[in-house]
Amino acid sequence: QVQLVESGGGLVQPGGSLRLSCAASGFTLDQDAIGWFRQAPGREREGVSCISSSGGTTYYSDSVKGRFTISRDNANNTVYLQMNSLKPEDTAVYYCATALRCSGSPFGSWGQGTQVTVSS
């Protein structure tokens, strides 16, 4: 089966760091752009970051630029989101998804999400 699984979330204090993983099974990621999204309670899903299939192009929302870094390891069929200097407003469920391109293309396959909570 085609499946994406997010992991690495947890409870962290403000200023701390987490590294999220998006692992694929049933297919290979090397031909897909991968986006990270988040959804906080009562809010719509927000795009956070995206990386092209080759890894040559990356995108970040203004709220996370300079703090988050997206990367991919196609040999291990995994995409990562390194999150540094975390803030309480980063608290959300984080999802990864596949698309043909980071922009102008729908994200069709989604994982189940991993919870990130930033709190003292």
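Numbered in sequence order, the bonded cysteines of the chain pair 1-3, 2-4. The model analysed here is predicted, and a search of the whole structure returns two disulfides.

One disulfide is formed by C22 and C96, with the sulfur atoms 2.1 Å apart. This link is right-handed, with 75° about the S-S bond. It connects distant parts of the chain, C22 lying in strand β3 and C96 in strand β9 (residues 92–99), 74 residues apart. Both C22 and C96 are buried.

The other disulfide joins C50 to C102, again with an S to S distance of 2.1 Å. Here the torsion about the S-S bond is about -90°, so the link between C50 and C102 is left-handed. Distant parts of the chain are again connected: C50 belongs to strand β5, whereas C102 sits in the loop between β9 and β10 (109–110), and the two cysteines are 52 residues apart. C50 has a relative accessibility of 5% and therefore counts as buried. C102, at 18%, also counts as buried, because the cut-off for this class is under 20% relative accessible area.

Strand β3, which carries C22, takes part in two antiparallel pairings. With strand β1 (residues 3–7), strand β3 (residues 18–25) pairs in the antiparallel sense over five bridges. Within this pairing, S7 has S21 of β3 as its bridge partner. The pairing of β3 with β8 is also antiparallel and extends over six bridges. In β8, V79 is the bridge partner of C22, so that C22 is both bridged to V79 and, through its sulfur atom, bonded to C96.

Two loop positions were also examined. N76 is located in the loop between β7 (68–73) and β8 (78–83). With a relative accessibility of 52%, N76 counts as exposed, because the cut-off for exposed residues is over 50%. The side chain of N76 makes a polar contact with the side chain of D73, at 2.6 Å. N76 and T28 are separated by 48 residues in sequence, and their C-alpha atoms lie 9.2 Å apart in space.

G56 occupies the loop between β5 (46–51) and β6 (58–60). Its relative accessible area is 65%, and G56 is therefore exposed. Between G56 and R38, which are 18 residues apart along the chain, the C-alpha separation is 23 Å.

Methods:
Residues numbered from 1 in each chain as written. Predicted model: local features only at pLDDT ≥ 70, side-chain atom pairs only at ≥ 80, totals over all residues. Heavy atoms only, no water. Helix = DSSP H or I, 4+ residues; strand = E, 2+ residues; numbered from the N terminus. Buried < 20%, exposed > 50% of the residue type's maximum accessible area, 1.4 Å probe, protein only. Polar contact = N/O pair within 3.5 Å; in protein donor to acceptor, adjacent residues only side chain to side chain. Pairing = 2+ DSSP bridges. Disulfide = S-S within 2.5 Å.
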